[in-house]
Each structure stands twice: as structure tokens, then as C-alpha cells.
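Subject: Structure handover

Hi,

Here is the structure I promised to pass on. My notes follow below it.

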Amino acid sequence: MTSPEIATLSWGLMKVKGCSSSYKDCKVWPGGSRAWDWRETGTDSQHYPGVQPADLEEVMKKGIELLVIGRGMSEALQVPSSTLNFVKQQGIEVRVLPTQKAVAEYNKLAVQGAKVGGVFHSTC
């Protein structure tokens, strides 16, 4: 099963190839995608405390070897070192980038057939 490419990215809008839905923020993995609401795990509108391990567990359970995190267009969404350590302890490589660069990196890997997952914030 391959990771779906992100077809379009603009401020507040993401579309994933093969999916009829559009997302503000999303999670993608080999064979699927869904909306991502980081407030579910306690991150507030000021982007604090940032991406939590619980935000990533669903994607990490999909057999990925590499995870790409998009912090937003202006990198407002933080990724604490404890979250990065959690991912690395599971034997998964992680890359954290501004969302535009993160999507480009994710798409490059997806096209190459890598077992890649991602979580992307499309504003701030």
C-alpha cells in the first residue's frame, strides 16, 4: 500500500489525491488520510504545547518508517523534543519542516514508494 500524495496545499486548505474530502490540517499514511484536529490532545489556539505523541500514534501504527511533520506556513506549531524522542524511540525517522517544505518532502518520498506518513498544519 502506498502513501497518497498531497494534491494541493494553500492557506487553510489541503487536498489528498484519491480523497474527496478537503482538510485544514491532516494526517496521511500508507493507504489513507483524515482530518487532524490538534486541539484533541490539548494544544490551544496559540499552538501550545504543540504536537503531542498522541497526535502521531495513529499514523505511526500504520507501518511507516518515516514521519514528516509540517509545523505550519510560518512554523507557529511547536514540536517539543519529548515528541521527537517518542517517535525516534519507536524506530521511526522524523523530519520537521515548515508545511510547504514538509509537503514537498512527503510527496517526494511517497512517489518513491517510501513507507511515509505525515501530519500537516496548513495555516500559521
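How many residues does the largest nonpolar core have, and which of them have the most contacts inside it? The model is predicted, and in it this core has 17 residues. Those with the most contacts inside the core are Val51, Leu56, Met60, Leu67, Ile69 and Val87. Helix H1 (53-60), S6 and H2 each supply at least two core residues. H1 gives the most, with 3 residues.

Val51 has a mixed set of partners. Leaving out residues up to four places away in sequence, Val51 touches Trp36, Thr43, Leu56, Ile69, Leu77, Gln78, Val79, Pro80 and Thr83. Two of those names, Leu56 and Ile69, also appear among the core residues with the most contacts.

There is a second, separate core of 15 residues. Val16, Leu109, Ala110 and Val116 are included in this second core.

Next, helix H3. Leu109 and Ala110 are among the buried residues of H3. The others are Thr99, Ala102, Val103, Glu105, Tyr106 and Asn107. What do the buried residues of H3 pack against? They pack against strands S1 (6-10), S2 (13-16), S4, S6 (66-70), S7 (93-97) and S8 (116-121).

The length of H3 checks out too. H3 has 13 residues (99-111), so at 1.5 Å a residue it should span 18 Å. Its end C-alpha atoms are 18 Å apart, which agrees. After H3 comes Gly113, with a positive phi near 85°.

Now Asp25, which is found in strand S4 (residues 25-29). Asp25 is buried yet has no salt bridge. The nearest side chain of opposite charge is Lys24, 4.6 Å away. A salt bridge needs the two groups within 4 Å, so that pair does not count. What does the side chain of Asp25 reach instead? It reaches the backbone nitrogen of Ser122, at 2.8 Å. Not counting residues up to four places away in sequence, Asp25 touches Arg34, Ala35, Trp36, Trp38, Phe120, His121, Ser122 and Thr123. Trp36 is thus a shared name: Asp25 touches Trp36, and Val51 touches Trp36.

Last, Gln89. This residue lies in helix H2 (residues 81-89). Is Gln89 buried or exposed? Gln89 is exposed, because its relative accessible area is 65% and the cut-off is over 50%. The C-alpha atoms of Gln89 and Ile6 are separated by 27 Å. Along the chain, those two residues are 83 residues apart.

Best wishes

Definitions and conventions: Residues are numbered from 1 along each chain as its sequence is written. This is a predicted model: local features need pLDDT of at least 70, side-chain atom pairs count only at pLDDT 80 or more; totals for chains, interfaces and linings use all residues. Side-chain values use heavy atoms; hydrogens and water are left out. Helices (H or I, at least four residues) and strands (E, at least two) are DSSP runs, numbered from the N terminus. Buried means under 20% relative accessible area, exposed over 50%, partly exposed in between (1.4 Å probe, protein chains only). Lys and Arg count as positive and Asp and Glu as negative; His and the chain ends are not counted. A polar contact is a pair of N or O atoms within 3.5 Å; within protein, one must be able to donate a hydrogen and the other to accept it, and residues adjacent in sequence count only if both atoms are side-chain atoms. Contact means heavy atoms within 4.5 Å. The expected span of a helix is 1.5 Å times one less than its number of residues. A nonpolar core is a set of buried Ala, Val, Leu, Ile, Met, Phe, Trp, Tyr and Cys residues joined through side-chain atoms within 4.5 Å.
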